Amino acid sequence: MTVKISHTLEVQALFKEAAGFNNDQGSPRLKQIMLRLITDAAKVIEDLEVTEDEFWIAVDLMNRVGKHTEFGLLLPGLSLEHFIDLLQDAKDAQAGLTGGTPRTIEGPLYVANAPLSKGEARMDDGSEDDVATPLFIEGVVRDPAGRPIAGAVVDLWHANTKGTYSFFDQSQSAFNLRRRIETDTEGRYRARSIIPSGYGLDPDGPAQECLSAIGRHGQRPAHIHVFVCASGYRHLTSQINLAGDAYLWDDFAYATRPGLVGEALINDSGEASRARGLDGRPFAELTFDFQLQVAQSAEDEQRSHRPRMGQ
Ligand code: MBD
Ligand code: FE
């Protein structure tokens, strides 16, 4: 039988010491979490007989994931960002807080303080006019009774036709494909943009290296991220995932959910195109309404305090 020692008093005392329990400095909350992390990591090593080589390979991988700022990609890939949504959904269900547009993960590619406009905005800088399909997005933000909410802020961000996001892709102009739009008196928002491509992890990066080692791809379907906020309502973090994408239900980050699929319908009427201010070429239309829950507290109106770019 294999030797097991992590449960012994001696080793448990060691882990408590390492987690800071023998001092009166620092954060008790962090000590509690750290003790659990150390103890559980030790159990993984012990129970699965992780070798010394495996241990140091994992350390090296984590160093490289951090060096390439890919933890925000790898953790959703390992389903943990979606798990946080599942946990919140379960808490909400238990508290009777149901209804409205489902939440889904933010992902790591948001940039705060995108240009803000009232009612409508053009999101793309025109740099892909020759390759992109123009996309007109519109919808209404509603309260639980279905009444429109005026003055809500719809904060949208998405990738370009190459599947890359401005700021993180320094070749794009500042805030390309990122806009905040305040709903009009009818609760309506409108955006002119382009149909995004799906996102793929850097095939040469450490996050993909890790997923490949467990037989996984790193692709997301084409999608549009959104934050919706309005005074008195619960902040919503969600996404519109585009119907027809091969990865719609095979998302490496598990973000697609029923209720969060939108259809970008192609309109090839030259007349309609010219009426939209285009030169007669086909475009797409996407209608997507949001429904918010009522905030139970001031904190409910806020998004998570995750550190973000641009703020
Ligand atoms: C993305 O664009 C994204 O939305 C998520 C969740 C993870 C990686 C890239
Ligand atoms: Fe994304």
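**An iron site and a pocket, by definition**

In sequence, the donor residues of the iron ion (ligand 2) follow the spacing Y-x57-H-x1-H. This is a predicted model, where local features need pLDDT of at least 70, side-chain atom pairs count only at pLDDT 80 or more, and totals for chains, interfaces and linings use all residues. Residues are numbered from 1 along each chain as its sequence is written, chains are lettered from A and ligands numbered from 1 in the order in which they are written, and side-chain values use heavy atoms, with hydrogens and water left out.

Reader: What makes Tyr-165, His-223 and His-225 donors of the iron ion (ligand 2)?

Author: Donors are N, O and S atoms within 2.8 Å of the metal (3.2 Å for Na, K and Ca); water is not among the atoms, so sites may look incomplete. Tyr-165 (OH), His-223 (NE2) and His-225 (NE2) coordinate the iron at 2.0 Å, so they qualify under that cut-off.

Reader: Why are Tyr-165 and His-225 called buried?

Author: Buried means under 20% relative accessible area, exposed over 50%, partly exposed in between (1.4 Å probe, protein chains only). Both Tyr-165 and His-225 fall in the buried class.

Reader: How do you know that the lining of the second largest pocket has 18 nonpolar residues?

Author: Happy to explain! Ala, Val, Leu, Ile, Met, Phe, Trp, Tyr, Cys and Pro count as nonpolar, Asp, Glu, Lys and Arg as charged, and the others, Gly among them, as polar. Sorted that way, the lining gives 18 nonpolar, no polar and four charged residues. Lining residues have an atom within 4 Å of a point of the pocket, an open set on a 1 Å grid over the protein atoms alone, where a 1.4 Å probe fits, with protein on both sides within 12 Å along at least five of seven lines.
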